[in-house]
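Here are my notes for your first read-through. Keep the viewer open and click along as you go.

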Amino acid sequence: MLDAFSRSVVSADAKTAPVGGSDLAVLRSYVSQGNKRLDAVNAITSNASCIVSDAVTGMICENTGLIQAGGNCYPNRRMAACLRDGEIVLRYISYALLAGDASVLDDRCLNGLKETYIALGVPTQSAARAVAIMKASATALIGETNSPASGGKRFRKMETTQGDCSALVAEAGSYFDRVIGAVS
Amino acid sequence: MKSVVTTVVTAADAAGRFPSQNDLEAVQGNIQRAAARLEAAEKLAAGLDAVTREAGDACFNKYAYLKQPGEAGDSQVKVDKCYRDLGHYLRLINYCLVVGGTGPLDEWGIAGAREVYRSLSLPTGPYVEALTYTRDRACAPRDMSPQALNEFKSYLDYVINALS
């Protein structure tokens with residue numbers, strides 16, 4: 001597993017060069033944006049159950065066949081497995097966002113996930129849709145762009161210092177896209 | 001590769017929980033100290049060749065017998081390898097300064113070094129001498145800021161202790 005710092009070390013070691021210049025500039029920006037990043041991770045972890053349950057609910061609302069007899073979320077046991085998987089994916093995304101590197105997500109979560117889902121008969125399209133909804137709500141919470149209209153009675157805004165966190169929103173979005181790309 | 005962030009993530013993953021407030025605080029502490037580390041890494045990267053040369057010269061000056069026939073540095077090829085190894089140690093120190101932990105030195109420098117040096121019947125004393133010279137030669141604020149120098153020297157001491 002790597003983070004932003006060890007990633008630059010591993011790639012520098014491959015060419016037996018010290019880490020300097022432009023590599024350090026990237027790391028300095030990680031350091032200077034550090035508090036924003038921790039706030040972003042906090043935005044995900046504090047709202048984890050809401051993000052996950054909303055995503056699974058949305059997925060089922062769009063495709064109600066899932067909870068009818070024979071559907072993949074039909075008995076509570078399988079619905080629970082679905083919620084659990086959503087939480088696991090979101091957890092590894094929060095690790096990746098904290099580390100500033102996708103390797104933990106790739107190694108520990110996505111490697112073999114699609115094959116497992118196919119073997120178990122899980123519809124990967126639905127899984128990808130649930131992750132897409134998680135992406136929408138998580139990025140809205142990180143960027144504080146969510147509104148009462150879209151949040152409904154579960155609307156919540158993180159009370160952090162106002163500022164530009166578009167880079168972090170984009171980075172978090174890229175991890176969700178990575179999951180979507182891996183399962184579909 | 002071990003660093004503060006990967007340690008935190010590994011622990012959280014083993015427990016199957018999201019990063020907690022404690023985890024975020026640990027990362028925050030690491031970030032606060034990062035500026036000095038990165039400064040030291042930058043200065044060391046910029047002067048790596050010069051520092052290596054000075055360190056190697058110091059060691060051959062002190063142990064001049066190393067260049068006599070039958071000793072560890074009796075040909076130019078062997079002398080060059082000594083300088084190369086010093087460069088490797090300093091480069092690994094640069095990596096340690098970047099990740100903020102001894103992971104790169106442990107994994108790529110120190111693990112197995114003792115066995116290798118013994119089997120090649122190389123003395124580790126001259127390496128210690130060279131790195132000690134570097135440590136004592138570096139000074140603030142000429143080379144880097146005091147806090148950065150402190151970080152740099154602590155990794156030099158780590159290698160010196162491992163080799164002596």
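1. Start with the largest nonpolar core, bearing in mind that this is a predicted model. This core has 98 residues, and the members that touch the most others are A:L90, A:L97, A:L98, A:L105, A:M134, B:I93 and B:F152. Which helix gives the largest share of this core? Helix α5 of chain B, residues 76-99, with 13 residues. As background, nonpolar side chains in soluble globular proteins tend to be buried together.

2. Now zoom in on A:L105, one of the residues just named. Skip its neighbours within four places in sequence, and A:L105 is in contact with A:Y92, A:I93, A:A96, A:L110, A:Y175, A:R178 and A:V179. There is also a second core, separate from the big one: 7 residues, including A:V56, A:C73, A:C82 and A:A130.

3. Next, the aromatic rings. How many aromatic pairs turn up over all chains? A search of the whole structure gives 7. A pair like this is described by the distance of the ring centres and the angle of the planes. Take B:F60 and B:Y83: their centres are 5.9 Å apart and their planes differ by 20°, and the pair counts as stacked. B:F60 sits in helix α4 (residues 48-62) of chain B and B:Y83 in helix α5 of chain B, so the pair ties together parts that are 23 residues apart in sequence. Are B:F60 and B:Y83 buried or exposed? Both are buried. For another spot to click on, B:Y89, B:Y117 and B:Y127 make up one aromatic cluster.

4. Step back to chain A as a whole. You should find 10 helices and 0 strands in chain A. Its C-alpha atoms fill a box of roughly 60 × 40 × 20 Å along the principal axes. Of the 184 residues in chain A, 46% are buried. Take the contacts in chain A between residues at least 6 apart in sequence: 70% of them join residues at least 24 apart. The accessible surface of chain A is about 8,800 Å², with 53% belonging to carbon and sulfur atoms. Chain A carries 18 positive and 17 negative charges, and the mean positions of the two sets are 5 Å apart.

5. Chain B gets the matching checklist. Chain B has 9 helices and 0 strands, and its C-alpha atoms fill a box of roughly 60 × 40 × 20 Å. Buried residues account for 47% of the 164 residues of chain B. Chain B exposes about 7,800 Å², and carbon and sulfur atoms supply 52% of that. The 18 positive and 20 negative charges of chain B have mean positions 3 Å apart.

6. Last, a few backbone spots to look at. Most residues other than glycine have a negative phi, and most peptide bonds are trans. A:T16 has a positive phi, near 40°, and lies in the loop between α1 (4-14) and α2 (22-32) of chain A. B:S121 isn't a glycine, yet its phi is positive too, at about 40°. You'll find B:S121 in the loop between α7 (113-119) and α8 of chain B, where B:S121 is exposed with a relative accessible area of 61%. A cis peptide bond joins B:A140 and B:P141, with omega about 0°. B:P141 belongs to the loop between α8 (125-137) and α9 (146-163) of chain B.

Conventions. Residues numbered from 1 in each chain as written. Chains lettered and ligands numbered in written order. Predicted model: local features only at pLDDT ≥ 70, side-chain atom pairs only at ≥ 80, totals over all residues. Heavy atoms only, no water. Helix = DSSP H or I, 4+ residues; strand = E, 2+ residues; numbered from the N terminus. Buried < 20%, exposed > 50% of the residue type's maximum accessible area, 1.4 Å probe, protein only. Contact = heavy atoms within 4.5 Å. Areas by Shrake-Rupley, 256 points an atom, 1.4 Å probe, with all protein chains shown as cover. Lys, Arg positive; Asp, Glu negative; His and termini not counted. Charge placed at Lys NZ, Arg CZ, Asp CG, Glu CD. Core = buried A, V, L, I, M, F, W, Y, C linked by side-chain atoms within 4.5 Å. Phe/Tyr/Trp six-rings, centres within 6.5 Å; stacked < 30°, edge-to-face > 60°.
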